[in-house]
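Reader: Please take me through one part of this model closely, residue by residue. I would like to see how the pieces connect before I open my own viewer.

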Amino acid sequence: MGSSECRLYPLGERALVLEAEPEAGFVGQRRIWWLAERLRQREGKGQVSAEPALEELVPGMNNLTLVFDPEVTSSARLERRLTELWRQGEELDFTPREREIPVHYGNEGGPDLDEAARCCGLTPAELVARHSGGDYRVYFLGFQPGFAYLGGLDPALAVSRRREPRLRVPAGSVGIGGAQTGIYPAASPGGWQLIGRTDLVLFDPNRDEPSYLLPGDRVRFVPVGGSPC
């Protein structure tokens, strides 16, 4: 499959999935972000106005799911439109938003920092420096509303999840789980190693754009407060 091609298939009677081949990698992902941005013109609480037939857009890893109104358009018509846009699109047309996440590393907000650093063969200060020095991208949202799956974690910081997950991880907790890092938008059970916490509200259903992070965003973690070491 060439870079200008994609695969389309129905997901029930009201949804269509556009999928790039896995080997397209980051280039294909950026094209998906570009396409979602072209289609998404939000009004109020997330309605799509640029394409009236579309009710919801859900970017995923190497795919984009579109929920549509079959009384307004047909699946075949939407497939033709998406194929046309996909072939027109250039991944460099997508300009990511820049997002900074202030983080209080260690102490009560990051109870696993010392243990995670030990597992990585680093001091806590070295782990913080590497984690906050990374250039991350939001690949997609999932798990809970506003939870961003980030790419770009330094492989040296990959650390196993906890053997016993916590029953309640506070909202704003920044953690590492395997080869990923992320932020819990709301309190929930979780098994990631918690290394810090942010005061930002990552998800608020009352905002015009409920999620602070969106697919394609470029993210930086910024240490605040005193040293955790």
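Author: Happy to! Buried residues account for 47% of the 229 residues in this protein; buried means under 20% relative accessible area, exposed over 50% and partly exposed in between, with a 1.4 Å probe and protein chains only. Bear in mind that this is a predicted model, in which local features need pLDDT of at least 70 and side-chain atom pairs count only at pLDDT 80 or more, while totals for chains, interfaces and linings use all residues. Residues are numbered from 1 along each chain as its sequence is written, and side-chain values use heavy atoms, leaving out hydrogens and water.

For orientation, the protein has 4 helices and 15 strands, which are DSSP runs numbered from the N terminus (helices are H or I, at least four residues; strands are E, at least two). Taking contacts between residues at least 6 apart in sequence, 62% join residues at least 24 apart; contact means heavy atoms within 4.5 Å.

The part I would look at closely is the surroundings of Thr 181, which sits in strand S12 (residues 180–183). Its relative accessibility is 1%, so Thr 181 counts as buried. The side chain of Thr 181 has two polar partners to inspect. One is His 131, whose side chain makes a polar contact of 2.9 Å with that of Thr 181. The other is Gly 175, whose backbone oxygen is reached by the Thr 181 side chain at 2.8 Å. (A polar contact is a pair of N or O atoms within 3.5 Å; within protein, one must be able to donate a hydrogen and the other to accept it, and residues adjacent in sequence count only if both atoms are side-chain atoms.) Beyond its neighbours within four places in sequence, Thr 181 is in contact with residues including Tyr 136, Ala 148, Leu 150, Leu 153, Val 174, Ile 176, Trp 192 and Phe 221.

From there, step across to Ile 176, which belongs to strand S11 (residues 173–177). With 0% relative accessibility, Ile 176 counts as buried. Ile 176 is in contact with Thr 181, and also with His 131, Leu 153, Leu 157, Val 159, Trp 192, Gln 193 and Ile 195, again leaving aside neighbours within four places in sequence. Arg 161 is 15 residues from Ile 176 along the chain, and their C-alpha atoms are 7.6 Å apart.

Ile 176 leads us to Leu 157, found in the loop between strand S9 (148–151) and strand S10 (166–169). Although it is in a loop, Leu 157 has 0% relative accessibility and therefore counts as buried. Not counting residues up to four places away in sequence, Leu 157 touches Ile 176 and His 131, together with Cys 120, Leu 122, Leu 127 and Arg 130. Its C-alpha atom is 9.8 Å from that of Val 128, which is 29 residues away along the chain.

Leu 127 and Val 128 bring us to a pair of packed helices. Helix H3 (residues 113–120) and helix H4 (residues 124–132) pack at about 85 degrees, with their axes 8 Å apart. Here axes are lines fitted to C-alpha atoms, for helices over the stretch in contact, and angles run from 0 to 180 degrees between N-to-C directions. H3 and H4 are therefore roughly perpendicular to each other. From H3 come Leu 113, Asp 114, Ala 116 and Ala 117, which meet Pro 124, Leu 127 and Val 128 of H4.

While the model is open, a few other spots are worth a visit. Ahead of H3, Asn 107 is found in the loop between strand S7 (98–105) and H3. Asn 107 is not a glycine, yet its phi is positive, at about 55 degrees, and with a relative accessible area of 55% this residue is exposed. Phe 143 also has a positive phi, near 70 degrees, and is a residue other than glycine. Phe 143 is found in the loop between strand S8 (136–141) and S9, and is exposed, with a relative accessible area of 53%.

Finally, look at Pro 215 in the loop between strand S14 (193–197) and strand S15 (218–223). Pro 215 is buried, with a relative accessible area of 15%. Tyr 139 is 76 residues from Pro 215 along the chain, with 5.3 Å between their C-alpha atoms.

How values were computed:
Angles under 35 degrees count as roughly parallel, over 145 as roughly antiparallel, 65 to 115 as roughly perpendicular and the rest as oblique.
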